[in-house]
Amino acid sequence: MPQILASRIALVTGASRGIGYATARALAKAGAHVVAVARTQGGLEELDDEIRKDGGSATLVPLNLTDSDGIARLGAALHERHGKIDILVGNAGVAGPSSPLGHIELKPWNDVMAVNVTANFQLIRCMEPLLRQSDAGRAVFVTSGAANKASAYVGPYAASKAALEALARAWAQETASTNLRVNLFSPGPVRTKMRAIVFPGEDPATLDTPEQVAEFIVPMCAPDWNETGKLYDYKTRTLMSFRAPS
């Protein structure tokens, strides 16, 4: 892969497995130094081994994204070490309960919102100053078709992704006149552990792999990517604009 991200610093959340793991590897292959964030130390170490094998480099950050102070400390540490970041991939997410809304306790609802929405809000707060120090800051948040389908029995997940989309779009508007570009990426059905838990009857062999998906996230992180406030739909390979309901 050409080194289109040489000497760039990329922060990836949920990097220990699935799309985050594959994206971290792909960004490193493209030349970025990857700051890999995840809860599980083992998954991060495995990622580090693969990135090193590919000739890349990574900094491992075992961190639960519900730890808002931890995100703030990470921002301060990155400022001290690098003075900037160039890329933020907000990928970490949880599926939450698959139940009718009336049957869901408050705690599982709060857990979904904490990871899928609040953690990304805290990342925006703490990483925007660093991204603005880049000559071409790029942020990509991983969303889901659930945000607009709002299907039965996945209410907390759907609501959290709809909130994430609104958050990213508002940030894109606020930073439109800067060097920062903020976009959303919707992977559709992908062969991940999370997908298998939510859809246990599905044959994973019929789905694309996280590695295939990651190849389409990398260009959105590159300095020559100029779109902002858009959503890339992997399933249809289409960059979409948001518009008001008709």
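Colleague: Let's start with Gly-18. Which helix does Gly-18 lie in?

Modeller: Gly-18 is part of helix α1. Keep in mind that this is a predicted model.

Colleague: And why does Gly-18 count as partly exposed?

Modeller: Its relative accessibility is 25%. Buried would need under 20% and exposed over 50%, so at 25% Gly-18 counts as partly exposed.

Colleague: How far is the C-alpha atom of Gly-18 from that of Ala-92?

Modeller: They're separated by 9.7 Å, with the two residues 74 apart along the chain.

Colleague: On to strand β2. What makes β2 largely enclosed by the rest of the structure?

Modeller: Just look at residues 33-38: 6 of the 6 are buried, so the rest of the structure largely encloses β2. His-33, Val-35 and Val-37 point one way, while Val-34, Ala-36 and Ala-38 point the other. That fits the usual pattern, because side chains in a regular strand alternate between the two faces of the sheet.

Colleague: How do you know that β1 pairs with β2?

Modeller: Pairing takes at least two bridges, and 5 bridges join β1 (residues 9-13) to β2, with the strands running parallel. For instance, Thr-13 sits opposite Val-37. Between the two strands the chain passes through helix α1 (residues 18-29), in a right-handed β-α-β crossover.

Colleague: What makes β3 a partner of β2 too?

Modeller: Here the bridges number 6, against the at least two required, so β2 and β3 (residues 57-62) pair, and they run parallel. Val-35 has Thr-59 of β3 as its bridge partner. Together with helix α2 (residues 41-53), β2 and β3 form a right-handed β-α-β unit.

How values were computed
Residues numbered from 1 in each chain as written. Predicted model: local features only at pLDDT ≥ 70, side-chain atom pairs only at ≥ 80, totals over all residues. Heavy atoms only, no water. Buried < 20%, exposed > 50% of the residue type's maximum accessible area, 1.4 Å probe, protein only. Helix = DSSP H or I, 4+ residues; strand = E, 2+ residues; numbered from the N terminus. Right-handed = clockwise from strand over helix to strand, strands pointing away.
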